[in-house]
Amino acid sequence: MTSISWCKNLLARHPVLNIMVLAVVFNMFCAALVYDERGNASDQAKAASSNLVASVSRDISRNIEIIDLTIQKVIDRVTQPGFTELGSDLQRQLLFDQVATAQYLAAIAVVDENGKLRYHSRFTDPNIINLSKQQYFTVHRDRPDIGLYVSLPIKSPVGLGWGIVFSRRLSHPDGRFAGIAYVGLGLDYFTDLFGRMDLGPNGSMSLMRADKRLLVRQPLNEKHLGTDVSGAELYRYYPQQRSGSYEATTSPLDGIPRLYTFTQIGDYPLTISVGRSLQDVYAAWRSRALTIGGIVLALTGAMIALALSLGREFRWRRAAHQEALHNEALFRGAMKGAGIGTALLHLDGTVFKVNPAFCRLFGFSEREMLSKTAADLTPPDDDPPDDDRLLRGEIDVIESERRLVRKDGTEVWVLRSASLLRDEAGKPAYMIVQFQDITARREAEERLRYNATHDELTGLLNRSAFEQRLEEALAESRDTGIKHALAFVDLDRLKIINDSAGHVAGDALLRGVAGALPSYLREGDVIGRLGGDEFGIILLGCSLDDATLILEELNTALGAIQFPWEDRSYSVGASIGVTEITPSTRSPSAVLAQADVACLTAKMAGRNRVSIYRPEQSEAVDRHREIAVAAGIKLAIEEGRLRLFAQRIVACADPTQQRYEVLVRMLDRDGTIIPPSVFVPAAERYDLIGAIDRWVVREALTFLGRAGGLDQHPQIHLNLSAASIGDASFVAYVCEVLEVSGVAPEILVFEITETTVVSNMAVAAKTVSKLREIGCQIALDDFGVGLSSFNYLRQFPVDMVKIDGSFVHNMTTNAVDRYIVKSIHQIAKELGAQTVAEFVEDQATFELVSSMGITFAQGYAIHRPEPFEGIMADHEIRVEAKC
């Protein structure tokens with residue numbers, strides 16, 4: 001107390017000291033005020049920059065998420081089974097349907113392991129560029145664990161401008177590198193985004209990669225793109241801190257001192273940095289400091305202190321208000337310019353602000369949306385969004401994919417992302433919710449899922465999905481003992497309609513039948529299209545007897561269908577095979593084979609009927625065996641178990657001539673020879689005979705080509721099936737093998753039967769003509785069996801006629817057969833064709849055909865078939881000995 005009193009008395013006695021003390025105190029107060037003002041200016045600049053960085057970071061993060069999702073969806077679609085079998089237009093639609101609505105996507109592409117384009121959203125020519133030397137290609141090739149890779153800025157070699165490539169690796173099922181899928185994002189996305197921000201005259205905004213390389217910067221200077229900025233002061237703080245602010249005395253790019261605020265963008269290896277010039281940050285503060293200094297020098301006493309105090313308060317409030325207005329303007333500008341629908345919600349869920357993108361998405365005006373809630377946009381059968389965890393502060397962001405309803409009542413699928421904004425005290429203030437339209441993506445996914453399991457033409461289950469349902473039915477039968485029935489339905493007259501009215505009519509019939517089938521079956525029965533005109537039906541929980549009754553009614557209904565097309569009406573029938581699914585059924589393929597066998601039995605019995613599979617039925621067993629043989633043929637071709645045999649054909653007038661008919665045999669895995677009568681019918685039925693024909697041509701000419709030094713080759717007869725005669729590329733294949741082997745085409749004689757050419761006379765005539773043009777000869781085999789054999793002699797210029805062995809075999813004892821053989825020979829001779837008598841089994845028959853003047857004879861009396869390789873080896877030895 002004594003000291004205080006003493007000070008009071010001293011000040012009272014010394015007014016100047018009093019003023020000096022007041023001046024010192026006030027100057028100290030003003031100095032503190034100036035220092036505090038500087039801190040406030042820094043804090044306000046940091047807060048504004050933090051909001052700006054956060055807004056830009058969210059925008060970039062959301063777009064990268066969209067890009068990454070797009071890349072992953074492209075990878076899923078490309079690697080999905082059956083995708084490559086789709087048409088090119090559908091493939092591009094499924095891969096690139098979002099490109100049209102993506103403003104800044106330069107391109108979406110898929111690249112194979114050699115850097116060659118497989119698909120490109122901008123170009124259809126896969127050879128326009130090769131990416132094998134691009135870093136974003138090699139990094140995925142060399143580092144399988146890289147994940148999403150962000151490239152340095154690249155200037156497109158095909159005119160798409162500067163951009164950044166986001167890429168992911170494609171892998172084969174065994175993990176080997178299969179290429180990449182990437183999205184190119186134009187740099188104009190970043191420059192447009194950064195350009196909307198108020199950075200001041202000397203401000204900057206930069207996006208850096210985790211390896212301290214600059215991706216893009218505002219102001220833009222192309223020379224700086226990809227620059228190493230590891231010398232920046234930023235890396236004193238990052239990555240130890242994911243976000244923060246600091247003052248840098250200089251910039252490594254332009255030397256301007258700035259206040260920098262940075263943050264990492266989500267979990268991506270990217271950092272966004274905003275720099276405000278220190279001159280701009282402290283400009284207002286310097287002005288205020290000079291003002292305060294002038295006032296301190298001009299005024300004294302308590303009035304100065306009061307005036308400065310009031311002035312400080314006023315200026316602080318005004319600066320805070322201006323900063324708040326400035327931040328609000330920045331936020332509103334960013335919200336208005338955002339391409340994603342955005343809404344601001346009160347904590348009770350009511351809307352108080354939406355941006356134009358939101359209005360475009362949902363069709364409501366901003367006024368119409370005021371005071372609405374999420375429940376007003378939610379379909380009646382869906383629950384509204386639950387944001388309780390967000391409001392309780394348990395999470396920062398909540399995302400969900402939802403159906404919402406537009407103003408016009410249509411539904412839209414959106415990706416809803418909600419986050420909470422807090423006031424200065426840290427209390428929840430309101431929610432910001434963003435809505436991204438993902439309807440096209442959801443619809444594409446649904447279409448892809450549907451197409452993967454349904455037949456495109458009929459809308460029924462496809463074979464793969466039907467077999468899956470069959471597997472489930474079989475599993476249910478094993479688990480519960482319940483029996484089911486499987487039916488195989490084959491339309492009887494579709495080929496007639498296709499041939500006479502065209503495949504458009506046939507397709508229309510298939511759609512009509514597919515639409516009618518469910519009305520004749522029970523609810524819950526499974527129907528699928530197995531291919532062509534074949535359908536499968538699973539009658540669940542149905543005994544074989546009940547299934548037969550149902551299928552007979554179905555067969556009657558199908559037989560009654562009259563299919564009108566243009567000016568004609570066609571009738572439809574079906575052959576139906578049915579078998580039982582029991583706990584002892586081995587597999588889906590086995591029960592399908594049984595149903596197919598039963599269907600074949602129905603066809604052989606006269607069609608338009610239902611046949612039950614019974615293992616003891618000889619015809620069904622034969623058909624079953626034929627299916628097994630067909631499967632064995634494929635393996636035999638793949639494993640090299642086909643063998644060439646040959647039978648000699650002698651000239652009746654000169655038995656020394658060398659001529660052979662080449663025959664094919666199949667070896668079982670134990671070495672047993674399977675005769676052609678067993679496997680050829682199965683090969684013809686299951687479209688394998690064409691492959692066998694080509695194998696025979698290749699192997700026979702290869703044998704001949706190895707003996708290229710021979711003075712002459714024997715004449716070789718090769719049999720052709722209907723499949724090869726009807727194959728437009730077969731003649732080109734023969735020419736190719738002839739060229740490789742070096743064999744002259746004049747030694748080849750192709751044998752065709754009338755059944756070979758009857759299915760397509762025009763194509764057969766064209767093939768025969770081309771074979772004769774290249775120098776090959778044509779023989780008409782099994783002549784005389786069909787009633788139209790002589791008609792073919794008029795339509796096909798043949799070099800040789802092989803008289804069917806059924807006439808030759810008994811001609812020594814049957815006068816009618818003898819007259820037929822003689823007549824055929826005389827007609828062929830008049831037409832300039834040579835003749836061959838088949839099935840010459842004894843010397844008497846050989847002498848008889850020789851006396852008739854028939855050119856050649858063939859049969860067991862002359863030569864039994866033996867391996868062609870041995871015949872050619874003997875022939876080569878004989879020729880060498882003769883030389």
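The following exercises, each with a worked solution, concern a predicted model of a protein chain.

**Exercise 1. The chain as a whole**

Determine how many helices and strands the chain holds, and what share of its residues is buried.

*Solution.*
Step 1. The secondary structure comprises 29 helices and 34 strands.
Step 2. The chain has 883 residues, and 46% of them count as buried.
Step 3. One may then turn to contacts along the chain. Among contacts with a separation of 6 or more, 59% are made by residues 24 or more positions apart.

**Exercise 2. Strand E12 and its partners**

Establish which strands pair with E12, in what sense they run, and whether the faces of E12 are covered or uncovered.

*Solution.*
Step 1. Locate the strand. E12 spans residues 341–345, and five of its five residues are buried.
Step 2. Consider each face. Gly341, Ala343 and Leu345 lie on one side, Thr342 and Leu344 lie on the other, and all are buried, which leaves both faces covered.
Step 3. Identify one partner. Strand E16, residues 428–437, is joined to E12 by five bridges, and the two run antiparallel. Within this pairing, leucine 345 stands opposite methionine 431.
Step 4. Identify another partner. Strand E13, residues 351–354, pairs with E12 over three bridges, also in the antiparallel sense. Here leucine 344 has lysine 353 as its bridge partner.
Step 5. Examine the connection. E12 and E13 form a hairpin with five residues between them, and glycine 349 in the turn has a positive phi of about 95°.

**Exercise 3. The largest cavity**

Describe the volume of the largest cavity and the residues that line it.

*Solution.*
Step 1. Count the cavities. There are two cavities of 30 Å³ or more.
Step 2. State the volume. The largest cavity holds about 190 Å³ of space.
Step 3. List the lining. It consists of 18 residues, and those nearest the centre are Ser206, Ala232, Ser251, Pro252 and Tyr260.
Step 4. Sort the lining by character. Eleven of its residues are nonpolar, five are polar and two are charged.
Step 5. Assign the strands. E7 (204–209), E8 (214–218) and E9 (243–248) each supply at least two lining residues. E7 gives the most, with three residues.

**Exercise 4. Backbone features in the loops**

Find which peptide bonds to proline 219 and proline 239 are cis or trans, and examine the phi values of lysine 212 and asparagine 608.

*Solution.*
Step 1. Inspect proline 219. The bond joining glutamine 218 to proline 219 is cis, with omega about 10°, and proline 219 is found in the loop between E8 and E9.
Step 2. Inspect proline 239. The bond from tyrosine 238 is likewise cis, with omega near 15°, and proline 239 is also in the loop between E8 and E9.
Step 3. Inspect lysine 212. This residue is in the loop between E7 and E8, and its phi is near 65°, a positive value in a residue other than glycine. Its relative accessibility is 32%, so lysine 212 counts as partly exposed.
Step 4. Inspect asparagine 608. Its phi, near 50°, is again positive in a residue other than glycine. Asparagine 608 lies in the loop between helix H17 (588–604) and strand E23 (610–612). With a relative accessible area of 38%, asparagine 608 is partly exposed.

**Exercise 5. The nonpolar cores**

Identify the residues that touch the most other members of the largest nonpolar core, and the helix that gives the most to this core.

*Solution.*
Step 1. The largest nonpolar core has 69 residues; Leu718, Leu748, Phe750 and Phe868 touch the most other members.
Step 2. Helix H20, residues 689–706, gives the most to this core, with nine residues.
Step 3. Take leucine 748 as an example. Neighbours within four places in sequence aside, leucine 748 is in contact with Leu701, Ile716, Leu718, Leu738, Cys776 and Gln777.
Step 4. Another core, of 47 residues, lies apart from it; Val78, Phe96, Leu170 and Tyr189 are among its members.

**Exercise 6. The setting of alanine 473**

Explain why alanine 473 counts as buried, and state which residues it contacts beyond its sequence neighbours.

*Solution.*
Step 1. Alanine 473 is in helix H13, residues 463–480.
Step 2. A residue is buried under 20% relative accessible area. Alanine 473 is at 4% relative accessibility and therefore counts as buried.
Step 3. Leaving aside neighbours within four places in sequence, its contacts are His484, Ile538 and Leu540.
Step 4. Alanine 473 and isoleucine 538 are 65 residues apart along the chain, and their C-alpha atoms are separated by 8.2 Å.

Note on methods: Residues are numbered from 1 along each chain as its sequence is written. This is a predicted model: local features need pLDDT of at least 70, side-chain atom pairs count only at pLDDT 80 or more; totals for chains, interfaces and linings use all residues. Side-chain values use heavy atoms; hydrogens and water are left out. On a 1 Å grid over the protein atoms alone, a cavity is a set of points where a 1.4 Å probe fits but cannot get out, and a pocket is an open set with protein on both sides within 12 Å along at least five of seven lines; lining residues have an atom within 4 Å of a point. Grid points are joined across faces, edges and corners, and a volume is the space filled by probe spheres set on the points. Helices (H or I, at least four residues) and strands (E, at least two) are DSSP runs, numbered from the N terminus. Ala, Val, Leu, Ile, Met, Phe, Trp, Tyr, Cys and Pro count as nonpolar, Asp, Glu, Lys and Arg as charged, and the others, Gly among them, as polar. Buried means under 20% relative accessible area, exposed over 50%, partly exposed in between (1.4 Å probe, protein chains only). Two strands pair if DSSP finds at least two bridges between them. A nonpolar core is a set of buried Ala, Val, Leu, Ile, Met, Phe, Trp, Tyr and Cys residues joined through side-chain atoms within 4.5 Å. Contact means heavy atoms within 4.5 Å.
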